[in-house]
Amino acid sequence: MEIIIKSSDYEVGEYAAALFAEEISENSQAVIGVATGSSPESTYRHLASRVENGLDVSRVKAFALDEYVGIELDHQQSYHSVINREVVQQVGLAPENVRVLDGTAQDVVAECADFEAHIASSGGIDIQLLGIGANGHIGFNEPGSSLVSRTRIKTLAPHTVKDNARFFDGDQSQVPIHCLTQGIGTIMEARKIVLVAIGRNKAQAVAGLVEGPIGTFCPASILQMHPNVSVIVDQEAAAELRNIEYYNYARDNMPTWQRPDVHTAE
Ligand code: GLP
């Protein structure tokens with residue numbers, strides 16, 4: 001696990017976007033996993049600027065992590081709408097190459113199975129972007145989720161409903177309480193994982209992810225078992241890490257060939 005501590009949201013996004021640009025430059029048909037929430041916004045802005053500078057994403061495929069159940073797909077805060085704004089319109093992926101779970105499906109079990117089959121038939125996810133919930137969730141896999149779970153329906157934790165109310169005029173009653181989400185087992189099959197976190201309210205979750213015991217109490221902690229993870233955080237989100245000096249030392253001494261910000265120009 002590579003822990004990269006940056007001084008701003010801007011720099012977190014710049015570094016994460018460099019990792020995605022590196023993957024896409026090497027494979028113009030890369031399959032990427034995309035996330036919603038405020039943390040990845042800066043990554044998408046930087047990726048969009050790389051596309052303006054010639055990065056070709058016309059054949060890139062994308063799968064989104066999760067979707068609410070209980071709001072229409074064209075609701076401004078559905079993850080269909082968010083991914084459409086952030087990834088399709090802003091970064092420039094072809095809409096037909098982007099698959100988001102359908103939270104309005106009559107048969108959600110079949111929808112989740114179809115989503116998994118679609119990932120498999122695309123060859124699996126090459127690089128997955130993740131945020132992290134303040135309670136340690138990834139996707140919408142709340143504490144208590146099976147660490148080998150597959151894509152399925154889940155109930156949002158009250159903590160998450162409260163956190164996400166800011167996207168619904170601050171009104172918790174408007175936030176759906178159910179969702180479809182890639183499972184933790186599904187996420188763990190991505191060949192590379194890039195997790196971004198910003199702000200003091202993520203510090204405890206980030207500490208649990210990086211240094212805590214592996215367990216469902218902090219679902220993100222399972223990433224310690226993945227062979228290729230970059231955790232990119234600002235100083236506030238890093239505030240509760242105990243081994244911070246080593247992470248900075250390793251970052252400052254990273255071999256040049258491992259540094260996407262050096263060998264992929266923006
Ligand atoms: C949301 C999403 C997650 C996201 C997390 C953090 O509920 N389902 O994929 O990583 O919560 O969101 P934010 O980055 O806005 O804090």
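This note covers the overall fold and then one residue, H226, in a predicted model.

1. **Fold content.** The protein has nine helices and ten strands. Of contacts between residues at least 6 apart in sequence, 78% join residues at least 24 apart.

2. **Overall dimensions.** The radius of gyration is 17 Å. A compact globule of 266 residues would come out near 18 Å, so the two values agree. Along the principal axes, the C-alpha atoms fill a box of roughly 50 × 40 × 35 Å.

3. **Burial and surface.** Buried residues account for 58% of the 266. The exposed area is about 11,600 Å². Carbon and sulfur atoms supply 49% of that area.

4. **Charge.** Count 19 positive and 35 negative side chains. The centres of the two sets lie 4 Å apart.

5. **Where H226 sits.** H226 is in the loop between α7 (203-211) and β10 (229-234). Is this residue, H226, buried or exposed? H226 counts as buried because its relative accessibility is 6%, and the cut-off for buried is under 20%.

6. **Polar contacts of H226.** Which backbone atoms does the H226 side chain reach? One is the backbone oxygen of A190, at 2.6 Å. Another is the backbone nitrogen of N228, at 3.0 Å. N228 belongs to the same loop as H226, between α7 and β10.

7. **Neighbours of H226.** Leaving aside residues up to four places away in sequence, H226 touches M188, A190, R191, K192 and I193. A190 therefore appears twice for this buried histidine: in the list of touching residues and as the backbone oxygen partner at 2.6 Å.

Technical notes: Residues are numbered from 1 along each chain as its sequence is written. This is a predicted model: local features need pLDDT of at least 70, side-chain atom pairs count only at pLDDT 80 or more; totals for chains, interfaces and linings use all residues. Side-chain values use heavy atoms; hydrogens and water are left out. Helices (H or I, at least four residues) and strands (E, at least two) are DSSP runs, numbered from the N terminus. The radius of gyration is taken over C-alpha atoms; the globule rule is 2.2 Å times the number of residues to the power 0.38. Buried means under 20% relative accessible area, exposed over 50%, partly exposed in between (1.4 Å probe, protein chains only). Contact means heavy atoms within 4.5 Å. Accessible areas come from the Shrake-Rupley method with a 1.4 Å probe; for residues, only the protein chains shown count as cover. Lys and Arg count as positive and Asp and Glu as negative; His and the chain ends are not counted. The place of a charge is taken as NZ of Lys, CZ of Arg, CG of Asp or CD of Glu. A polar contact is a pair of N or O atoms within 3.5 Å; within protein, one must be able to donate a hydrogen and the other to accept it, and residues adjacent in sequence count only if both atoms are side-chain atoms.
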